[in-house]
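Trainee: Could you walk me through the metal site in this one, and then through the pockets around it? I'd like a close look, taken slowly.

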Amino acid sequence: MIGLIGGTGLGEALMGDSRGTEHVIDTPFGMPSSAIHVVEWNGIELALLARHGEGHTLNPSQVPYRANIYALKKLGVTHIIASGAVGSLRDQIKPRDLMLCHQVIDKTHRRIPTFYDVGLAAHVEFAQPYCPQLRALLEAAASKVNATVHTRGVYVCMEGPAFSTQAESTMHRAWGADVIGMTTMPEAKLAREAEMCYALIALATDYDCWRGHEPGTSKQALLNEIIGNLREATANAVALMRAGIDTFAENPPEPCACHTALDLAVWSDHEKLTEDVRRHYDPLLNRYVEAARAAQKAT
Ligand SMILES: [Zn+2]
């Protein structure tokens, strides 16, 4: 099953009037941002989640990232394609363009970045924060979409909700970042901890403030332009997701290293993991514990 995480309106844009089956899932980490709608597309089940809640009522710091990823895992999601609005830090990344990010710089500081803070220590590999296999699949699908898709780029994730100062924006460019947004972290990290593939389609809505605006542009005109760009970029992202899902359906990907990410990550002795701890994390740890027990039996 593929999970699609996006801004408000993405579900409607993807599926029209079909709302599919609604799942309201309580989790040990609270309620997810919204009910999750499961629909079928080309023989593949899709689980749609509105990151900012119905009606966009959650700001990026308030999004329940842990509950969202946990709920998708519980439903049986193995791959996540997320989308998120960003500001461009480069001339060549134009408003309405899409980017398949390959790296991230995490500046968030008000969000819990791990599931595993009770009863065990787990340190997942995160050198490649976005799944290379899922990115390659979306890259192959990009040629079917009538939009500019940048196939790699560095995303700097800020806490927000206010945007950067001009000095910060200039600094982010000097760091080597290409786009700035507020939502991919800790979402990508939690997906890795939950052993799911995760890729991000960044939607450029405007240039970040390093570039300044045309003199004389009114604030209202600017806002209208950004909203228009977001609408267009969302339509482009939906087209890319559809093309990616079609590719996924035609050539289901091989099992990926993301799906066994805990094998080298859990430093705690699996025999010391109490039933309470296992139950608390169910289903996140189940595969790992069963594999560890089987390996022990074999030796
Ligand atoms: Zn993967």
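**The zinc site and the pockets**

Mentor: Sure. The zinc ion is held by four sulfur donors, the SG atoms of Cys 131, Cys 197, Cys 256 and Cys 258, at 2.3 to 2.4 Å. Keep in mind that this is a predicted model. Seen from the zinc ion, the four donor atoms subtend angles of 104 to 115°, so the arrangement is tetrahedral; the cut-off for that label is that all angles lie between 85 and 135 degrees. Along the chain, the donors are spaced as C-x65-C-x58-C-x1-C. Take Cys 197 and Cys 258 as a pair: they are 61 residues apart and link distant parts of the chain. Cys 197 sits in strand β11, residues 197-207, whereas Cys 258 belongs to the loop between α6 (219-250) and α7 (275-281).

How accessible are these two? Cys 197 has 0% relative accessibility and therefore counts as buried. Cys 258 comes out at 5%, so Cys 258 counts as buried too; the limit for that word is under 20%.

Now for the pockets, where β11 and α6 turn up again. The largest pocket holds about 1100 Å³ of space. Its lining has 35 residues, and the closest to the centre are Ala 85, Val 86, Phe 163, Thr 205 and Leu 230. Which elements supply at least two residues each to that lining? They are β5 (79-88), β10 (179-181), β11 and α6. Of the contributions, the largest share is that of α6, with six residues. By class, the lining of the largest pocket splits into 17 nonpolar, 15 polar and three charged residues.

The second largest pocket has about 270 Å³ of space and a lining of 13 residues. Nearest its centre you'll find Tyr 207, Gly 212, His 213, Leu 222 and Glu 225. Both β11 and α6 give at least two residues to this lining, and α6 has the largest share here as well, with four residues. The class breakdown for the second largest pocket is four nonpolar, five polar and four charged residues.

To tie it together, follow β11 through the model. That strand carries Cys 197, one of the zinc donors, and β11 also supplies at least two residues to the lining of the largest pocket and at least two to that of the second largest pocket. Then look at α6: this helix comes before the loop that holds Cys 258, and α6 gives the largest share of the lining in the largest pocket and in the second largest pocket.

How values were computed. Residues are numbered from 1 along each chain as its sequence is written. This is a predicted model: local features need pLDDT of at least 70, side-chain atom pairs count only at pLDDT 80 or more; totals for chains, interfaces and linings use all residues. Side-chain values use heavy atoms; hydrogens and water are left out. Donors are N, O and S atoms within 2.8 Å of the metal (3.2 Å for Na, K and Ca); water is not among the atoms, so sites may look incomplete. Four donors count as tetrahedral if all angles lie between 85 and 135 degrees; four count as square planar and six as octahedral if opposite donors are over 155 degrees apart and all others between 65 and 115; anything else is irregular. Buried means under 20% relative accessible area, exposed over 50%, partly exposed in between (1.4 Å probe, protein chains only). On a 1 Å grid over the protein atoms alone, a cavity is a set of points where a 1.4 Å probe fits but cannot get out, and a pocket is an open set with protein on both sides within 12 Å along at least five of seven lines; lining residues have an atom within 4 Å of a point. Grid points are joined across faces, edges and corners, and a volume is the space filled by probe spheres set on the points. Ala, Val, Leu, Ile, Met, Phe, Trp, Tyr, Cys and Pro count as nonpolar, Asp, Glu, Lys and Arg as charged, and the others, Gly among them, as polar.
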